[in-house]
Amino acid sequence: MGPIGENELFFILQGLKWTVLLAVIGFIGGGVFGILIALARTSKHQFARLASSGYIALFQGTPLLMQLFVVYYGVALLGIDVNAWVAVAIAFTLHASAFLGEIWRGSIEAVPKGQTEAANALGLHYVSRMKDVVLPQALKISMPATIGFLVQLIKGTSLAAIVGFIELTRAGQIISNQTYRPLLVFGIVGIIYFMICWPLSHVGSGLEKRMAKAAR
């Protein structure tokens with residue numbers, strides 16, 4: 001069994017960097033498209049509702065691992081050469097947009113209808129009504145669920161290794177194969193995941209309790 005020194009730890013931290021970056025890109029990109037999906041799901045236009053509902057059903061009803069395979073190998077079949085980084089970024093953005101879109105759809109519908117009626121009475125058009133009245137309240141309502149999904153997204157980045165992307169889990173696997181100390185290596189990897197995810201989960205549960213008390 002080989003030792004785990006500074007070089008091995010540095011390699012694991014490099015994997016952590018890509019894990020965090022992938023989660024951030026997926027979350028931000030998914031958030032941008034997720035808002036559009038949520039607005040389409042709550043639209044008065046039937047086609048927009050049906051199309052966004054089908055999009056959500058597709059990504060919620062299939063494993064993330066399969067989505068990574070389809071994006072990585074499917075794009076290559078179209079004759080477009082993409083590296084693993086671009087492929088997983090696209091896959092995680094699409095995946096996140098479907099889940100965030102559905103979370104935010106529920107929060108938009110949870111905003112009291114009196115708010116929308118008051119905005120209509122003031123003569124606000126759709127964009128102003130959503131931007132200034134509905135969405136700020138909806139995003140506040142959705143914060144616990146949104147943070148919860150971010151935690152799942154961070155843990156889900158470990159699946160990116162299947163297409164050759166070296167993130168935290170894959171970096172740990174490589175070091176484990178070199179040192180033959182899997183328990184120690186993956187113990188370190190697990191602690192790193194815990195140090196990232198547990199504070200986020202704690203914040204999310206705290207917000208949920210605070211909102212529950214405010215609603216009483």
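**Exercises on helix packing and nonpolar cores**

Leu64, Gln67, Leu68, Val71 and Tyr72 of helix 3 meet Ala84, Ala87, Val88, Ile90, Ala91, Phe92 and His95 of helix 4; contact means heavy atoms within 4.5 Å, and helices are DSSP runs (H or I, at least four residues) numbered from the N terminus. The model is predicted: local features need pLDDT of at least 70, side-chain atom pairs count only at pLDDT 80 or more, and totals for chains, interfaces and linings use all residues. Residues are numbered from 1 along each chain as its sequence is written, and side-chain values use heavy atoms, with hydrogens and water left out.

**Exercise 1.** Determine how helix 3 is oriented to helix 4.

*Solution.* Step 1: the two axes, lines fitted to C-alpha atoms over the stretch in contact, come within 9 Å and cross at roughly 130°. Step 2: helix 3 is therefore oblique to helix 4. Angles run from 0 to 180 degrees between N-to-C directions; under 35 degrees counts as roughly parallel, over 145 as roughly antiparallel, 65 to 115 as roughly perpendicular, and the rest as oblique.

**Exercise 2.** Identify which residues touch the most other members of the largest nonpolar core, and which helix supplies its largest share.

*Solution.* Step 1: a nonpolar core is a set of buried Ala, Val, Leu, Ile, Met, Phe, Trp, Tyr and Cys residues joined through side-chain atoms within 4.5 Å. Buried means under 20% relative accessible area, exposed over 50%, and partly exposed in between (1.4 Å probe, protein chains only). Step 2: among the 29 residues of the largest core, Val88, Phe92 and Ile108 touch the most other members. Step 3: at least two residues each come from helix 1 (6-41), helix 3 (64-77), helix 4 (84-110) and helix 6 (126-156). Helix 4 gives the largest share, 9 residues. Step 4: beyond its neighbours within four places in sequence, Ile108 contacts Ala38, Leu39, Thr42, Met130, Val134, Leu135 and Ala138. Another core, of 8 residues, lies apart from the largest one and includes Ile12, Leu168, Val185 and Ile192.

**Exercise 3.** Classify Trp85 as buried, partly exposed or exposed, and list its contacts.

*Solution.* Step 1: Trp85 belongs to helix 4. Step 2: its relative accessibility is 24%, so Trp85 counts as partly exposed. Step 3: leaving out residues up to four places away in sequence, Trp85 touches Trp18, Leu21, Leu22, Ile25 and Phe165. Step 4: Val163 is 78 residues from Trp85 in sequence, while their C-alpha atoms are 9.2 Å apart.
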